[in-house]
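Trainee: Could you walk me through this one before I head back to the bench?

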Amino acid sequence: LEHGLEWMIDLPAQASLAGMHEEALELSSLLRELAGEVAARGERLLLLQRAGRTDEARAEAEAWQAESPADPWAHLYTADLFAALGERERAEAARALAHELDPDDPALYAALVERRLLEAREVGDEVREAALESELAE
């Protein structure tokens, strides 16, 4: 994001958490041009899910995976949606595919580890959390 506007990328998520789901989706569309297509599209999936529009979110995620089968970031962001929907096996399969598609991308690898770390914290798996924190520090 250019021009020092990085703080804006979090606005849709904050609006959604405040219960302003439709406004969050509108903001997400406006920020798509600033933040880049991939990140904005991934954020939109989670905003739809939070707005209770899970069928629409799932359909968009599946369409994105079909449109961009070789894009690891598409699979990473759709994995976020599947995890939010409680579809852990599906989320992990999408993450594994993302890593398989580009195992040498350090930003992608860090994003994968961060997501696994968050899940370990959510379930209270301290051993896995420590291992992932160590991996992230390397």
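**Inside and outside**

Mentor: Let's start with Thr 78, which is buried, with a relative accessible area of 0% (buried is under 20%, exposed over 50%, partly exposed in between, using a 1.4 Å probe and protein chains only). Keep in mind that this is a predicted model, where local features need pLDDT of at least 70 and side-chain atom pairs pLDDT 80 or more, while totals for chains, interfaces and linings use all residues. Residues are numbered from 1 along each chain as its sequence is written, and side-chain values use heavy atoms, without hydrogens and water.

Trainee: Got it. Which helix is Thr 78 found in?

Mentor: Thr 78 belongs to helix H5 (helices are DSSP runs of H or I with at least four residues, strands E runs of at least two, numbered from the N terminus).

Trainee: And what does Thr 78 touch, not counting residues up to four places away in sequence?

Mentor: With those left out, Thr 78 touches Leu 45, Ala 61, Trp 64, Gln 65 and Ala 94 (contact means heavy atoms within 4.5 Å). Looking back from Ala 61 with the same four-place rule, you find Leu 45, Thr 78, Leu 81 and Phe 82.

Trainee: Stepping back, how many helices and strands does the protein have?

Mentor: Eight helices and zero strands. Of its 138 residues, 36% count as buried. Among contacts between residues at least 6 apart in sequence, 42% join residues at least 24 apart.

Trainee: Which residues of the largest nonpolar core touch the most other members?

Mentor: That core has 17 residues, and Leu 45, Ala 61, Trp 64, Leu 81 and Ala 91 touch the most other members (a nonpolar core joins buried Ala, Val, Leu, Ile, Met, Phe, Trp, Tyr and Cys through side-chain atoms within 4.5 Å). Two or more residues come from each of helix H2 (21–35), helix H3 (37–50), helix H4 (54–67), helix H5 (72–84) and helix H6 (88–101). H5 gives the most, with six residues. There is also a second, separate core of five residues, including Ala 98, Leu 108, Ala 111 and Leu 112.

Trainee: What about pockets? Which residues lie nearest the centre of the largest one?

Mentor: Leu 46, Asp 80, Arg 95, Arg 115 and Leu 118, out of 16 lining residues. (On a 1 Å grid over the protein atoms alone, a pocket is an open set of points where a 1.4 Å probe fits, with protein on both sides within 12 Å along at least five of seven lines; lining residues have an atom within 4 Å of a point.) H3, H5, H6 and helix H7 (106–123) each supply at least two lining residues, and H3 gives the most, with six.

Trainee: Switching to Glu 119: buried or exposed?

Mentor: Glu 119 is buried, with a relative accessible area of 13%, and its place is in helix H7. Leaving aside neighbours within four places in sequence, Glu 119 is in contact with Ala 83, Arg 88 and Arg 95. You met Arg 95 a moment ago, among the residues nearest the pocket centre.

Trainee: Last one, where is Gly 19?

Mentor: Gly 19 sits in the loop between helix H1 (11–17) and H2. Gly 19 is partly exposed, with a relative accessible area of 47%.

Trainee: And what separates the C-alpha atoms of Gly 19 and Arg 50?

Mentor: They are separated by 8.7 Å, although Gly 19 and Arg 50 are 31 residues apart along the chain.
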